Amino acid sequence: MSIIEVKNLSYTYGVGTPFEKTAVKDLSLSVNAGEVIGVIGHTGSGKSTLVQMLNGLIKPQSGQVLLDGVDIWAKPKEIRKIRFKVGMVFQYPEYQLFDETVYKDISFGPKNKGLTEKEIDRIVRKSAKFVGLSDKLLEQSPFDLSGGEKRRAAIAGVIAMDPDILVLDEPTAGLDPKGRDLLLTQIMQYHRARENTIFIVSHSMEDVARFADRVMVMNKGKLEMLDTTKKVFAEAERLESMGLRVPQITEIMLALKAKGYEIGDGILNVEQAFLEIVNLLKKEGKI
Amino acid sequence: MTRDIALGQFVPGNGIVHRTDPRVKIILLIFFITIIFCAFNFVSLGIVTAAILTVIALSQVSFKLYFKSLKVIIFIVIITSLLNMFYGTGEPIWQFGIIKLTMSGIYRAVFVSVRIVLLILISSCLTFTTSPTDLTDAIERLMKPLKFFHVKVHEIAMMMTIALRFVPTLLEETDKIMAAQKARGADMESGGLIKKVKAMTPILIPLFVSAFRRAYDLATAMECRCYRGGEGRTRMKSLHINRLDIIGIAFSVLVLTGVVLCNVFIAPVV
């Protein structure tokens, strides 16, 4: 069953000014509970606007967002409740940290949700654990942490609301390769433990290929493709025409295929590529 | 949210008002403000109104934006004109107790409201058609004589440039932080005054932190490019007075002459 459904969603910024710009145009999609959706698209393709409409931060000018089959704007006064169900981690979330200690900052969301002290304590420690923050760090000021730790603390602040759907807007931007891997692995561990739905906006095709069940491709405010990761990355040319690309390893394998080697479609990571090449060499009797 | 402020917003363009030298525009703005307050009868007020409407028509900025900037002051206009209406002297044409409506009062109300509207229109025209950097450049040039009194003209202008430059950046940042805290369930709409002020903490602290971070970054970037104040600094774009500016000045002088002549030959009504 689909947990979130979007019907004919449109949004234009600055209506009636010289700066008018359509960000999302007549977009429809449906996502099942427990899926990991990779969102890719060129800068300015409307990804950020779309994800902000999913939790009611932006009110669509036309169209609907259905959460568990109910329009989130049916009761505009209760839009805050939606935000606890659809957690949103913005780009560079570390700039939203504000409280005296990391612990207090993470508890901001649960407190707004109206949980009791005991529940808050439990969920804050659990969330901190998910993102790998030690108990010692919890008592420090968020402004004394390193860049990567700040990022983690901010993500923990959203996870602490225990949302059914978690939206991450470029969670790894500006992190070093090691930090990226670690963060993504932790997010995926959290996903498996909580079995929630995840939207992950990313410019890194490698990250998307590694973790997403399905990929949605945005182009000029429209939904260009929404399909399994394999199928989306099989269309290298179409992606390139939208200023995107396929993962590097996929690109190499496609090039080999173009040279006449017998290689299957939809190879998304180095392990798969390795097996495919070994098989090919075995078939040709070279090893 | 914060994006809807029309007053003081620059609209890029290439019309003749845009191309006029910013120094000339500032001086002409002061000039026009003086003229607005020199119109004492309907003919001269008409001349000034026509002149200002011509300027804003030439500015190639949509009337909607001018209208938006007027919306901000509509209450001031209504209140001042209402007050003026009942403060006139002379023969009352309608009376109720101590409140009396006179012809001179009505005239005064009309003049006051037209003057305020014109004032806003012409000042908006300056900010709509002049980029903040041009504006501060021009202010720096115009304030140059103050150096004689040891006023740090260049530093003041630089501070203004930086402040203006960061207004949109900080607005955008505020929007972002507000969205992020709202996403964490922050409630900024309901509750009393104290609760509302408290609800601002999660926005103000990150905003201050980021403002300081930007200030540090900017200071470093400026030092890296060997900035050390205005001493001996030259400009990439130096300002020149050209034909367009002279036409603008001539036009304004003409309007002033018209207004003065009208004042001399037609009896004032206020």
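Two strands count as paired here if DSSP finds at least two bridges between them. With that in hand, let us walk through this predicted model, starting with one sheet of chain A.

**The sheet of chain A**

In chain A, six strands make an open sheet with mixed pairing, in the order β6-β7-β8-β3-β9-β10. The edges belong to β6 (86–89) and β10 (222–228) of chain A, and each has a single partner strand, so one side of each is left without a neighbour in the sheet. From one strand to the next, the twist averages 15°. As general background, strands of a sheet pair through backbone hydrogen bonds, either parallel or antiparallel.

How does β9 of chain A run relative to β10(A), parallel or antiparallel? The two run antiparallel, and six bridges join β9 (residues 214–219) to β10(A). Two of the facing positions are easy to find in the structure: Arg214(A) stands opposite Thr228(A) in β10(A), and Val215(A) is set opposite Asp227(A) in that strand. β9(A) and β10(A) form a hairpin with two residues between them.

**Positive phi values in chain A**

The turn of that hairpin holds Lys220(A), whose phi is positive. Two other spots in chain A are worth a look for their phi angles: Asp26(A), which is not a glycine, and Glu195(A), also a residue other than glycine. The table puts the three together.

| Residue | Phi | Place |
|---|---|---|
| Asp26(A) | about 45° | strand β2 (residues 21–32) of chain A |
| Glu195(A) | near 50° | loop between α8 (177–194) and β8 (197–201) of chain A |
| Lys220(A) | about 50° | turn of the β9(A) and β10(A) hairpin |

Are Asp26(A) and Glu195(A) exposed or partly exposed? Asp26(A) has 14 other C-beta atoms within 10 Å, so this residue is partly exposed. Glu195(A) has 9 C-beta neighbours inside 10 Å and therefore counts as exposed.

**Nonpolar cores**

In soluble globular proteins, nonpolar side chains tend to be buried together. The largest nonpolar core in this model has 81 residues, and Ala156(A), Val167(A), Leu168(A) and Phe199(A) touch the most other members. Helix α7 (residues 147–159) of chain A gives the most to this core, with six residues. Leaving aside residues up to four places away in sequence, Ala156(A) touches Ile106(A), Ser127(A), Ala128(A), Phe130(A), Val131(A) and Leu133(A). There is also a second, separate core of 27 residues, and its members include Val55(B), Val61(B), Leu121(B) and Val255(B).

**A helix pair in chain B**

Two packed helices are described by the angle between their axes and the distance between the axes. In chain B, the axes of helix α2 (residues 22–38) and helix α7 (residues 132–143) come within 8 Å and cross at roughly 75°. Because 65 to 115 degrees counts as roughly perpendicular, α2(B) is roughly perpendicular to α7(B). From α2(B), Pro22(B), Arg23(B) and Ile26(B) meet Asp134(B), Leu135(B), Asp137(B), Ala138(B), Arg141(B) and Leu142(B) in α7(B). Sorted by class, this contact has five nonpolar, no polar and four charged residues.

**Where the chains meet**

Finally, 20 residues of chain B are in contact with 23 residues of chain A. On the chain B side, the elements that give two or more residues are α8 (153–183) and α9 (193–224) of chain B. The most come from α8(B), with seven residues. By class, the chain B side divides into 10 nonpolar, five polar and five charged residues.

Technical notes. Residues are numbered from 1 along each chain as its sequence is written. Chains are lettered from A and ligands numbered from 1 in the order in which they are written. This is a predicted model: local features need pLDDT of at least 70, side-chain atom pairs count only at pLDDT 80 or more; totals for chains, interfaces and linings use all residues. Helices (H or I, at least four residues) and strands (E, at least two) are DSSP runs, numbered from the N terminus. Axes are lines fitted to C-alpha atoms, for helices over the stretch in contact, and angles run from 0 to 180 degrees between N-to-C directions. Two residues are in contact if their C-beta atoms, placed from the backbone, lie within 7 Å. Ala, Val, Leu, Ile, Met, Phe, Trp, Tyr, Cys and Pro count as nonpolar, Asp, Glu, Lys and Arg as charged, and the others, Gly among them, as polar. A nonpolar core is a set of buried Ala, Val, Leu, Ile, Met, Phe, Trp, Tyr and Cys residues joined through C-beta atoms within 7 Å. A residue is buried if 20 or more other C-beta atoms lie within 10 Å of its own, exposed if 12 or fewer, and partly exposed in between; C-beta atoms are placed from the backbone. Angles under 35 degrees count as roughly parallel, over 145 as roughly antiparallel, 65 to 115 as roughly perpendicular and the rest as oblique.
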